[in-house]
Amino acid sequence: AIIGVQKLDQQKVQDQVSLTPKHFAYLKICESCYNRCSFCIIPKIKGKFVSRTIESVLEEVKRLDAQGVKEINLIGQDITAYGMDLYHELSLAKLLREMVKVTKNIEWIRLLYAFPAHVTKELIQTIAEEPRICKYIDMPLQHISEHLLKEQNRGITTQGTLDLINDIRSVMPQASIRTTFIVGLPGETEKDFDELTSFIQDFRFEKVGVFIYSKEEGTAAYAMEHHVPDATKKKRMNTLMQLQQEISQEVQQSHIGKVMKVLIDEQQANEKNIYLGRSEHDAPDVDGVVFVHSTRDLKGGDFVQVKITDAYEYDLVGEVV
């Protein structure tokens with residue numbers, strides 16, 4: 001499909017071409033970002049932050065539910081700012097509660113791209129209390145150093161970040177946190193990097209991505225001084241990814257012996273009894289998979305209980321029970 005850039009319609013459901021399997025869908029609830037991070041060009045490309053009305057989102061949700069969709073992935077550059085332009089308050093928790101009320105077939109609602117400064121206690125509680133909302137927090141933190149968070153214009157402090165993570169862990173100890181970090185922002189010192197390394201080591205996030213800072217014309221960071229050498233940036237990225245690989249393997253190993261609810265995506269090519277699926281902790285195309293052994297035929301969209309028997313750095317292996 002070739003699809004042009006469309007302006008988000010706040011009031012009605014636009015006709016869309018589905019590029020996903022029938023059992024899951026992406027649902028855009030807002031466009032652009034409410035924040036203006038110093039390294040990011042998105043607000044200049046996308047324009048002013050715009051939310052769809054609750055009514056239009058619910059109309060589309062009901063349509064997808066009637067089609068038999070099992071998993072909805074809510075997307076936007078900052079879905080946690082949803083409603084700020086229309087309702088002048090953070091309204092994602094309210095939208096989620098309404099989505100649950102109007103659906104019956106959708107079993108998983110997944111949130112993608114939560115901006116840390118906009119994650120509220122109400123939102124955390126809503127995710128924790130509603131069984132059909134995946135216990136999966138995709139929340140790019142970008143750094144932990146106080147002065148770099150300020151240079152990035154993230155709108156949150158080091159202590160605010162620590163408090164937020166502790167809130168999530170205390171309310172939802174079973175939740176999986178996916179996050180990303182940027183290394184090599186101008187002015188990042190070895191001390192800053194050591195602080196970030198210790199932070200990742202201490203908090204042991206389930207899923208981490210690391211990106212190298214690159215100059216983007218038109219951003220505030222473009223004019224910053226004290227740029228970090230490319231070789232140093234690459235070395236820092238490799239250090240963090242190696243550390244996270246070890247953490248990820250330990251996290252994955254901890255699942256062995258557990259029984260998990262798994263959504264089947266497809267049969268593995270050339271393998272009769274092996275299927276590719278995902279737990280609620282795995283977003284499509286982003287995270288790992290669960291290799292599911294089954295003696296009965298399965299199809300995309302089936303939910304099965306799977307006992308985990310083996311684990312790799314990012315993937316799991318299990319058998320249907």
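Here is a short walk through the aromatic rings of this structure and the charges that sit over two of them. Please keep in mind that the model is predicted.

Let's begin with the rings themselves. A search of the whole structure turns up eight aromatic pairs. One of them joins Phe199 and Phe203, whose ring centres are 5.0 Å apart with 50° between the planes, a tilted arrangement. Where do Phe199 and Phe203 lie along the chain? Both belong to helix H7 (residues 190-203), and because they are four residues apart there, about one helical turn separates them.

The two partners differ in how they meet the surroundings: Phe199 is buried, at 4% relative accessibility, whereas Phe203 is partly exposed, with a relative accessible area of 22%. Phe203 also pairs with Phe205. Is that second pair stacked or tilted? The centres of Phe203 and Phe205 lie 6.2 Å apart and their planes meet at 15°; planes under 30 degrees apart count as stacked, so this pair is stacked. Phe205 itself is buried, its relative accessible area being 0%.

Now add one more residue to the picture. Phe181 joins Phe199, Phe203 and Phe205 in one aromatic cluster, so if you have the model open, you can select these four residues together.

Finally, turn to the charges. The charged end of Arg110 sits over the ring of Tyr136, at 4.8 Å from the ring's centre. With Tyr222, the residue over the face of the ring is Lys215, which lies 4.5 Å from the ring centre.

Conventions:
Residues are numbered from 1 along each chain as its sequence is written. This is a predicted model: local features need pLDDT of at least 70, side-chain atom pairs count only at pLDDT 80 or more; totals for chains, interfaces and linings use all residues. Side-chain values use heavy atoms; hydrogens and water are left out. Rings of Phe, Tyr and Trp (its six-membered ring) pair if their centres lie within 6.5 Å; planes under 30 degrees apart count as stacked, over 60 as edge-to-face and the rest as tilted. Helices (H or I, at least four residues) and strands (E, at least two) are DSSP runs, numbered from the N terminus. Buried means under 20% relative accessible area, exposed over 50%, partly exposed in between (1.4 Å probe, protein chains only). A charge sits over a ring if NZ of Lys or CZ of Arg is within 6 Å of the ring centre and within 35 degrees of the ring normal.
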